[in-house]
Amino acid sequence: MTSGYHPFSVPPHVVTRCGNPHHREVSAMTVDVPSFATRALHAGRSRQAASSRATPIYLTAGFEFDDFDHAATHFGTGEGFGYTRTGNPTVQAVERQLAALESGADAVLVASGQAAVAVALLTVAGAGDHIVASTHIYEGTRGLLVDNLARLGIESTFVDEIGDPNAWRAAIRPNTRALFAESIANARNDILDITAVGAIGDEFAIPLIVDNTLATPYLLRPLEHGASIVVHSASKFLAGHGSVLGGVVVDNGRFDAEHAGHNAPHLVLPGRGGLASVAARHGGNARIGYAREAVAPRFGTTPSPLNAFLIGQGAETLGLRVERQSRNALEIARWLEAQDAVESVDYVGLDSHPDHELAQRYLRGGYGSIFTFTLRGGLEAARDVIESVDVFTHMTHIGDVRSLVLHPATTSHAYRTEEERAVLGIRPGTLRVSIGIEDVADLIGDLSRVLAAIEEPVIA
Ligand SMILES: *Cc1c(COP(=O)(O)O)cnc(C)c1O
């Protein structure tokens with residue numbers, strides 16, 4: 001469109017003697033050339049399309065409309081792109097990629113995992129509603145439920161025995177609007193029986209929302225087993241390199257207005273100004289449609305298109321990384337289980353784990369990279385390990401290509417009581433690891449050296 005002469009480029013007859021285009025000498029035959037400030041803003045812009053192999057990064061707040069009617073149509077139907085908070089081509093490409101990886105119908109990408117959990121829950125619940133959640137969830141999600149959502153009038157009940165379907169059933173009330181759990185939970189590595197809990201949700205027309213961050217869609221796709229919505233912290237395995245934060249909500253596209261409409265009046269009643277209901281406009285995609293048009297953009301959970309690009313690029317190698325990370329983790333867990341300094345290892349890949357059979361039923365291609373192990377030497381031994389590791393990085397993150405270690409009792413779970421921590425499988429000597437893609441011999445070598453040092457007999 002802008003090939004050849006453009007009014008904002010300096011025409012050839014404008015001579016600049018000193019090299020500074022601001023001090024131009026204008027020839028007799030000059031046309032109107034915009035000033036320096038205007039050229040700085042408008043010169044050289046091109047709307048020409050190019051076939052980029054990589055997803056282009058549309059790092060832009062908004063999008064130019066073609067004409068008067070285009071703008072009106074965009075605002076009327078939501079089609080196309082107008083403003084990045086409501087839609088962006090880079091973000092949309094990653095949403096479709098992640099929806100495809102999770103076997104979902106559609107996805108909304110947001111700025112963090114916490115934003116994904118908040119958007120998913122606020123899509124299905126409002127003041128006066130109730131959520132049933134697993135006790136074994138991320139501490140930030142627990143805070144969201146017990147502090148923030150409670151203040152908005154959304155109550156939560158927690159289920160300890162997540163393997164007992166009757167425990168879920170017993171917690172459901174007439175105003176329950178979501179069941180929430182993690183597919184693989186930290187710190188005990190519990191596995192959720194998605195089919196069983198999803199069936200209870202179906203019976204009561206309540207969506208099961210699964211945080212699939214630890215499992216990743218490479219190992220497990222909850223929507224294939226009866227979950228309605230999946231959320232992720234894309235900051236972890238999806239992005240994979242520990243450089244950006246992000247989150248995603250993926251929906252199965254099977255909202256059934258007839259079956260579940262009584263639990264979702266905001267989806268089935270007409271909208272403001274006589275607008276057709278969300279369900280009438282989006283059909284089975286009513287939940288994700290509502291999340292995209294009325295939750296994420298209003299609470300402003302928008303991701304940067306640059307971060308979206310990095311998440312999409314990371315997800316391209318998800319399978320390779322998780323396969324390697326899972327293989328490394330299993331080898332390290334088996335090795336740790338045989339060490340005298342180690343009291344227990346909570347890794348679902350081990351025969352000794354109570355959920356090992358459930359894991360074999362649900363996980364394909366590995367058992368994941370995150371687990372905890374507990375040292376006989378308690379807090380002091382844990383401190384020694386944290387302070388002596390070399391190849392492992394000491395930080396509060398998971399799902400990185402690098403191996404990471406953290407002491408949950410004094411960090412992520414410091415504000416829980418000792419009894420509460422015990423229920424969650426966190427003791428003074430417990431360490432959490434997130435295994436990376438390094439050579440496994442170097443990781444075992446690092447732990448071996450460190451454990452040998454703490455095994456030195458203590459002379460009283
Ligand atoms: C990290 C994490 C979150 C929160 O994600 P952020 O991207 O840090 O906001 C939620 N759930 C699980 C299981 C996580 O590990």
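## Asp190 and its surroundings

In this predicted model, Asp190 touches His136, Ile162, Ser183, Ile184, Ala185 and Asp355, leaving aside residues up to four places away in sequence. The residue belongs to the loop that runs between strand 6 (176-182) and helix 7 (194-203). Asp190 has a relative accessible area of 6%. Because this value is under 20%, the residue counts as buried.

The side chain of Asp190 also takes part in a polar contact. Its partner is the side chain of Arg188, at 2.5 Å.

## The chain as a whole

The chain contains 18 helices and 14 strands. Its C-alpha atoms fill a box of roughly 100 × 60 × 35 Å, taken along the principal axes. Of its 460 residues, 50% count as buried.

Contacts between distant parts of the sequence can be described in the same way. Among the contacts in the chain with a separation of 6 or more, 70% come from residues 24 or more positions apart.

## Lys236, an annotated position

The UniProt record, an unreviewed entry, places the feature "modified residue: N6-(pyridoxal phosphate)lysine" at Lys236. In the model, Lys236 lies in the loop between strand 8 (229-233) and strand 9 (247-251).

Is Lys236 buried or exposed? With a relative accessible area of 12%, Lys236 is buried. Not counting residues up to four places away in sequence, Lys236 touches Thr213, His397, Ile398 and Gly399.

## Strand 4, an enclosed strand

Strand 4 comprises residues 130-134, and 5 of its 5 residues are buried, so the strand is largely enclosed by the rest of the structure. The burial concerns both of its faces: His130, Val132 and Ser134 are buried on one side, and Ile131 and Ala133 are buried on the other.

Strands of a sheet are joined through backbone hydrogen bonds, in either a parallel or an antiparallel manner. Strand 4 pairs with strand 5 (residues 155-159) in the parallel sense, over 5 bridges. Within this pairing, the bridge partner of Val132 is Thr157 in strand 5.

## A sheet of five strands

An open sheet of 5 strands follows the order 10-11-14-13-12, and its pairing is mixed. Strand 10 and strand 12 (393-394) are the edge strands; each has a single partner strand, so one side of each is left without a neighbour in the sheet.

Strand 11 and strand 14 (residues 430-434) provide an antiparallel pairing over 5 bridges. Here, Ile370 stands opposite Ser434 in strand 14.

## Glu343 in strand 10

Glu343 is part of strand 10. What is the relative accessible area of Glu343? The value is 41%, and Glu343 is therefore partly exposed.

Glu343 touches Thr374, Leu375, Arg376 and Arg427, with residues up to four places away in sequence left out. With Arg427 there is a polar contact between the two side chains, at 3.0 Å. Glu343 can also be compared in position with Thr141: the two residues are 202 residues apart in sequence and 29 Å apart in space, C-alpha to C-alpha.

## Helix 18

Helix 18 is made of 15 residues, 440-454. At 1.5 Å a residue, the helix should span 21 Å, and its end C-alpha atoms are 21 Å apart, which agrees. The buried residues of helix 18 are Val440, Leu443, Ile444, Asp446, Leu447, Val450, Leu451 and Ile454. Seen down the helix axis, these buried residues fall within an arc of 155 degrees, so they line one face of helix 18.

Which elements cover the buried residues of helix 18? They include helix 14 (318-337), strand 10 (342-346), strand 11 (370-375) and helix 16 (378-388). At the N-terminal end, Asp439 acts as a cap of helix 18, with a side-chain oxygen 3.1 Å from the backbone nitrogen of Ala441.

## Asp32, an exposed residue

Asp32 is located in the loop between strand 2 (25-26) and helix 1 (36-42). Its relative accessible area is 76%, and Asp32 is exposed. Asp32 and Val405 are separated by 373 residues in sequence and by 65 Å in space, C-alpha to C-alpha.

Note on methods:
Residues are numbered from 1 along each chain as its sequence is written. This is a predicted model: local features need pLDDT of at least 70, side-chain atom pairs count only at pLDDT 80 or more; totals for chains, interfaces and linings use all residues. Side-chain values use heavy atoms; hydrogens and water are left out. Helices (H or I, at least four residues) and strands (E, at least two) are DSSP runs, numbered from the N terminus. The expected span of a helix is 1.5 Å times one less than its number of residues. Buried means under 20% relative accessible area, exposed over 50%, partly exposed in between (1.4 Å probe, protein chains only). The arc is that of the directions from the helix axis to the C-beta atoms. Contact means heavy atoms within 4.5 Å. A polar contact is a pair of N or O atoms within 3.5 Å; within protein, one must be able to donate a hydrogen and the other to accept it, and residues adjacent in sequence count only if both atoms are side-chain atoms. UniProt positions are given in the numbering used here, feature names are shortened, and annotations may be inferred rather than shown by experiment. Two strands pair if DSSP finds at least two bridges between them.
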